[in-house]
Amino acid sequence: MAFFRPRVSREAEVRYHADVEISKSYPELLDRARLAEGTLRDLRAAAADELELLAAGVAFDKALSEALRAAESGQRATFGVKAYDDRIARRKAKATPAGATWTAEVDRLRTLREDNRLWGIPRVPRPVPAVR
């Protein structure tokens, strides 16, 4: 009697390998986000003008978004190839210690990014065009 497991799709394997490659850059991207956050905090402490704070807030948002994409890739790669096609496998993988660690990290970065979008980027009025 022969038992066989259904193989995962070729698309899932390709996505898995792409996620593994993307997740390798996670520590570097997280360091960039920390530097951008430090710059933003220094500008706030120095009472910089709103345009400088706006530029620093947007730079921090971009750095956080890149780090979040890499963390999500690491999370998916940790879940394994089967998790790309099977929601039950994804759910089981999320309950493992490695899966829970990546899930917590992704949630932390999302919260940090949303907090920055709500409170970290100052609202600057748009310039009014001159009427001729």
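A residue counts as exposed when its relative accessible area is over 50%, as buried when that area is under 20%, and as partly exposed in between. The exercises below use these classes on a predicted model.

**Exercise 1. Work out how the chain is built and how its overall dimensions compare with those of a compact globule.**

Step 1. Start with the secondary structure. The protein chain has five helices and zero strands. Along the sequence this gives the pattern α-α-α-α-α.

Step 2. Turn to the dimensions. The C-alpha atoms fill a box of roughly 85 × 40 × 20 Å along the principal axes.

Step 3. Make the comparison. A compact globule of 132 residues would have a radius of gyration near 14 Å, whereas this chain has 20 Å.

Step 4. Add the surface and the contacts. About 9600 Å² of the chain is accessible, and carbon and sulfur atoms account for 57% of that surface. Of the 132 residues, 33% are buried. When contacts between residues at least 6 apart in sequence are taken, 76% of them join residues at least 24 apart.

**Exercise 2. Classify E13 and R7 as buried, partly exposed or exposed, and describe the salt bridge between them.**

Step 1. Take R7. Its relative accessibility is 71%. The cut-off for exposed is over 50%, so R7 counts as exposed.

Step 2. Take E13. Its relative accessible area is 18%. The cut-off for buried is under 20%, so E13 is buried.

Step 3. Describe the pair. E13 forms a salt bridge with R7, and the closest N and O atoms are 3.4 Å apart. This salt bridge therefore pairs a buried residue, E13, with an exposed one, R7.

Step 4. Place the pair in the whole. The search of the entire structure finds 13 salt bridges.

**Exercise 3. Compare where the partners lie in the salt bridges D61–R117 and D107–R110.**

Step 1. Take D61 and R117. Their closest N and O atoms are 2.9 Å apart in the salt bridge. The pair links distant parts of the chain: D61 lies in helix α3 (residues 50–79) and R117 in helix α5, 56 residues apart.

Step 2. Look up the accessibility of this pair. D61 is buried at 13%, while R117 is partly exposed at 33%.

Step 3. Take D107 and R110. In their salt bridge the closest N and O atoms are 4.0 Å apart. Both residues belong to helix α5, and because they are three residues apart, about one helical turn separates them.

Step 4. Look up the accessibility here. D107 has a relative accessible area of 40% and is partly exposed; R110, at 37%, is partly exposed too.

Step 5. Note the network. Salt bridges that share partners join R7, R10 and E13 into one network.

**Exercise 4. Find what surrounds R113, and decide which side chain of opposite charge is nearest to it.**

Step 1. Locate the residue. R113 is in helix α5 (residues 97–120).

Step 2. Check for a salt bridge. R113 is buried yet has none; the nearest side chain of opposite charge is E114, 4.1 Å away. A salt bridge needs a distance within 4 Å, so E114 does not qualify.

Step 3. List the polar contact. The side chains of R113 and S65 make one at 3.5 Å.

Step 4. List the touching residues. Leaving out residues up to four places away in sequence, R113 touches D61, L64, S65 and L68. D61 also appears in Exercise 3, as the partner of R117.

**Exercise 5. Describe R108 and E105, and say what joins their side chains.**

Step 1. Locate both. R108 is in helix α5, and E105 is also placed in helix α5.

Step 2. Describe R108. Its relative accessibility of 38% makes it partly exposed. Its C-alpha lies 9.3 Å from that of L68, although R108 and L68 are 40 residues apart in sequence.

Step 3. Describe the link. A polar contact of 2.7 Å joins the side chains of E105 and R108.

Step 4. Add the other neighbours of E105. Not counting residues up to four places away in sequence, E105 touches Y26 and L30.

**Exercise 6. Explain what sets the backbone of A47 apart.**

Step 1. Recall the general rule. Most residues other than glycine have a negative phi.

Step 2. Apply it. A47 is not a glycine, yet its phi is positive, about 55°.

Step 3. Give the setting. A47 lies in the loop between α2 (26–45) and α3. With a relative accessible area of 66%, A47 is exposed.

Terms used: Residues numbered from 1 in each chain as written. Predicted model: local features only at pLDDT ≥ 70, side-chain atom pairs only at ≥ 80, totals over all residues. Heavy atoms only, no water. Helix = DSSP H or I, 4+ residues; strand = E, 2+ residues; numbered from the N terminus. Buried < 20%, exposed > 50% of the residue type's maximum accessible area, 1.4 Å probe, protein only. Lys, Arg positive; Asp, Glu negative; His and termini not counted. Polar contact = N/O pair within 3.5 Å; in protein donor to acceptor, adjacent residues only side chain to side chain. Contact = heavy atoms within 4.5 Å. Rg over C-alpha atoms; globule rule 2.2 N^0.38 Å. Areas by Shrake-Rupley, 256 points an atom, 1.4 Å probe, with all protein chains shown as cover.
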